[in-house]
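Me: I would like to go through this structure with some questions about its helices, side-chain contacts and backbone. Please give the reasoning with each reply.

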Amino acid sequence: MTQRYSLVWDLDVFFPGGSASPQFAAFLEETEREIGSFRDAVASAAERDGAPGADTLAALIERMQSIVLKLREADSFAGCLASENQADKKAVQLNGRIASLGAAFSSVLTRFDELLKRVPDSDWSALLQSEPFRPVAFPIDERRQLAKEKLAPELESLIGDLAVDGYHGWGEAYNTVVGKFKLEFEENGSVTALSAGQAANKLHSPDRNVRTRLFAEWEKAWGEQADYAADALNRLAGFRIQTYKHRGWDSILKEPLDVNRMSEKTLSVMWDVIERNKPIFVDYLNRKAKLLGLDTLSWHDVEAPVGEAGNDIPFDAAADMIVEQFRRFSPKMADFAEMAFAERWIEAEDRPGKRPGGFCTSFPIKGQTRIFMTYANTASNVSTLAHELGHAYHQHVMNDMPALAQEYAMNVAETASTFAEMIVSDAAVKQASTDAERLALLEDKIQRSVAFFMNIHARFLFETEFYELRCGGLVGVEQLNELMTSAQRRAFQDALSEYHPHFWASKLHFYITSVPFYNFPYTFGYLFSSGLYAVAQKEGAGFEDRYVALLRDTGSMTVERLAEKHLGVDLTQPDFWQSAVDLAVADVKQFLAMTE
């Protein structure tokens, strides 16, 4: 059968020629010049006495937003190149240059923030309510407030400059380790050298013999890379800790909470509600073990499929399924997804040399997005594809907004993606033609709840304890393994027979330098989207426009205000979180009843 949709994305529409593109080289030079011009304009304004006038600020903000868009475009292009082929050394160099441009821009922004601080408090509110500031009032006010909590501008600029080859350099060093990762695996009489992404996909094989053998090799392979990963992890954490100390920040969670525009109380209440509801998910894990003929699940069994239904789904079939289910909720979202498939916005080919995992990245100048994953015909892959299309749609509905108003936090970004995932998975369960298929799809859906409530909780617990220890010095491989195993035991309530000590080494999220604690926002997004989904089920097609309105507000307010405005709920109280968890609990109860 002819493949209707390409498994390989189109990047030439942005800059033809890949990492050797002369157009991209010219684009970077133009961006560099624009940063220099912005720097001169900020310096000129800073030399004048007193607060800058409204016209001066407006002109600077306009220039600033132009650079933001260019850097996002450049970062997405180079990131896509490096991800599709980790042997592309030129792409790695381009990433380094873009990081340098970003650092230079950040240094100028530090000076720009000082100009914002000069505006007297008595004039500030009126300024934000006037044009052209009103559409970007929230992010500009946020910048001004954060500037008051940071060091002097010359010191913040120094931190940014040193971060390029220090902080971000350690993140790139980890990527180099992953790029060289190879796992020799024998299957069907032949030995294949698997990349990290290919090996991670095989860990979800329905064949337990494959999972068991591969997991042992996976642990061994990451054990061989553990010293390098530990170096990177320790240095990244050390850089953050020292930066926070000099700023006078006494909580390691201050930055991740600020970045995600949420309060510590909201985070604490969310985890408390999850913890109280874990016993029934332990019941699910125990029941799953029996269905798989085991006394207790191992780590590699948690995401194993139960039954055959829902597997071996070709890419075209997955595309049709996603578009169909999106259309039941939102014709606009379905049309968007159809366009993304048709216009080759998705890189899904299963081939060596790709980085592991999946992501969605935006090209705001072109008004497009690109999705990266490795598709292996599984139900889990379909979920990932729907998830990333949710990210893409989120960006799509914000493309006409000012650059600063588009900069939404990770936790609400995960809301849109997880919401899209829920639409597909819930509809698939309801429309299953047999009990066996319904059970398999329901179990796949519950797996995601377990991932958000237990796996990601383990990551949060690990990272919290790791930072506490790192304040006292370097943390060695053995101790990192112990911390990871302990966190997994606590998060899974000791329900597994075997854990993943080197998870800290194998998981890219611990090494991402754009934001620390790349974990709890996923759980927030999952539960927040559950609340959204419950409303959508009640309101039907009428919820589409309300949903778009919420997405468009995600870059312009705190999550507490967003929930209050669009859902009428208080995120600092347990009621909303419990109602969201209840949807997942209902799935588990259905699963337990079906397997009695």
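Reply: One definition comes before the questions: buried means under 20% relative accessible area, exposed means over 50%, and partly exposed is in between. The model is predicted.

Me: Is lysine 202 buried, exposed or partly exposed?
Reply: Lysine 202 is in helix H8. Its relative accessible area is 26%. Buried needs under 20% and exposed over 50%, so lysine 202 is partly exposed.

Me: Which side chain meets lysine 202 in a salt bridge, and at what N to O distance?
Reply: The partner of lysine 202 is glutamate 187, which has a relative accessible area of 23% and is partly exposed. The pair links distant parts of the chain, with lysine 202 in helix H8 (residues 196-202), glutamate 187 in strand S1 (residues 183-187), and the two positions 15 residues apart in sequence. The N to O distance in the salt bridge of lysine 202 and glutamate 187 is 2.8 Å.

Me: How far apart in space are lysine 202 and phenylalanine 215?
Reply: In sequence, lysine 202 and phenylalanine 215 are 13 residues apart. From C-alpha to C-alpha, the distance in space is 9.2 Å.

Me: Which residue forms a salt bridge with arginine 546?
Reply: Arginine 546 is partly exposed, at 30% relative accessible area. Its partner is also described as partly exposed, at 36% relative accessibility. The closest N and O atoms are 2.4 Å apart, and the partner is glutamate 539.

Me: How many salt bridges does a search of the whole structure find?
Reply: Some salt bridges share partners, and these join Glu347, Glu349, Arg351 and Lys354 into one network. For the whole structure, the search finds 37 salt bridges.

Me: Is glutamate 131 buried or exposed?
Reply: Glutamate 131 meets arginine 134 in a salt bridge of 2.4 Å, N to O. Arginine 134 is partly exposed, at 42% relative accessibility. The relative accessible area of glutamate 131 is 52%, and exposed means over 50%. Glutamate 131 is therefore exposed.

Me: What is the form of the peptide bond from glutamate 131 to proline 132?
Reply: Proline 132 lies in the loop between helix H4 (121-128) and helix H5 (137-148). The omega of the bond from glutamate 131 to proline 132 is near 5 degrees, and the bond is cis.

Me: What kind of aromatic pair do phenylalanine 15 and phenylalanine 24 make?
Reply: Both phenylalanine 15 and phenylalanine 24 are buried. The ring centres lie 4.9 Å apart, inside the 6.5 Å limit for a pair. The planes are at 55 degrees, and an angle from 30 to 60 degrees is neither stacked nor edge-to-face, so the pair is tilted.

Me: What kind of pair do phenylalanine 336 and tryptophan 345 make?
Reply: Phenylalanine 336 is buried, at 4% relative accessibility, and tryptophan 345 is buried at 4%. The centres of the two rings are 5.8 Å apart. The planes are at 75 degrees, and over 60 degrees counts as edge-to-face, so the pair is edge-to-face.

Me: Which tryptophan ring does arginine 144 lie over, and which one has the charged end of arginine 247 over it?
Reply: Arginine 144 lies over the face of tryptophan 124, at 4.5 Å from the ring centre. For arginine 247, the charged end is 4.8 Å from the centre of the ring, which belongs to tryptophan 249.

Me: Where is phenylalanine 517 in the chain?
Reply: Phenylalanine 517 has a positive phi of about 55 degrees although it is not a glycine. Phenylalanine 517 is buried, at 1% relative accessible area, and is part of one aromatic cluster whose members include Trp271, Trp299 and Phe460. Its place is in the loop between H19 and helix H20 (520-539).

Me: How many residues of H16 are buried?
Reply: Helix H16 (residues 410-430) reaches 30 Å from its first C-alpha to its last, close to the 30 Å expected at 1.5 Å a residue. H16 is mostly covered, and the buried residues number 20 of its 21.

Key
Residues numbered from 1 in each chain as written. Predicted model: local features only at pLDDT ≥ 70, side-chain atom pairs only at ≥ 80, totals over all residues. Heavy atoms only, no water. Helix = DSSP H or I, 4+ residues; strand = E, 2+ residues; numbered from the N terminus. Expected span 1.5 Å × (residues − 1). Buried < 20%, exposed > 50% of the residue type's maximum accessible area, 1.4 Å probe, protein only. Phe/Tyr/Trp six-rings, centres within 6.5 Å; stacked < 30°, edge-to-face > 60°. Lys NZ or Arg CZ within 6 Å of the ring centre and 35° of its normal. Salt bridge = Lys/Arg side-chain N within 4 Å of Asp/Glu carboxyl O.
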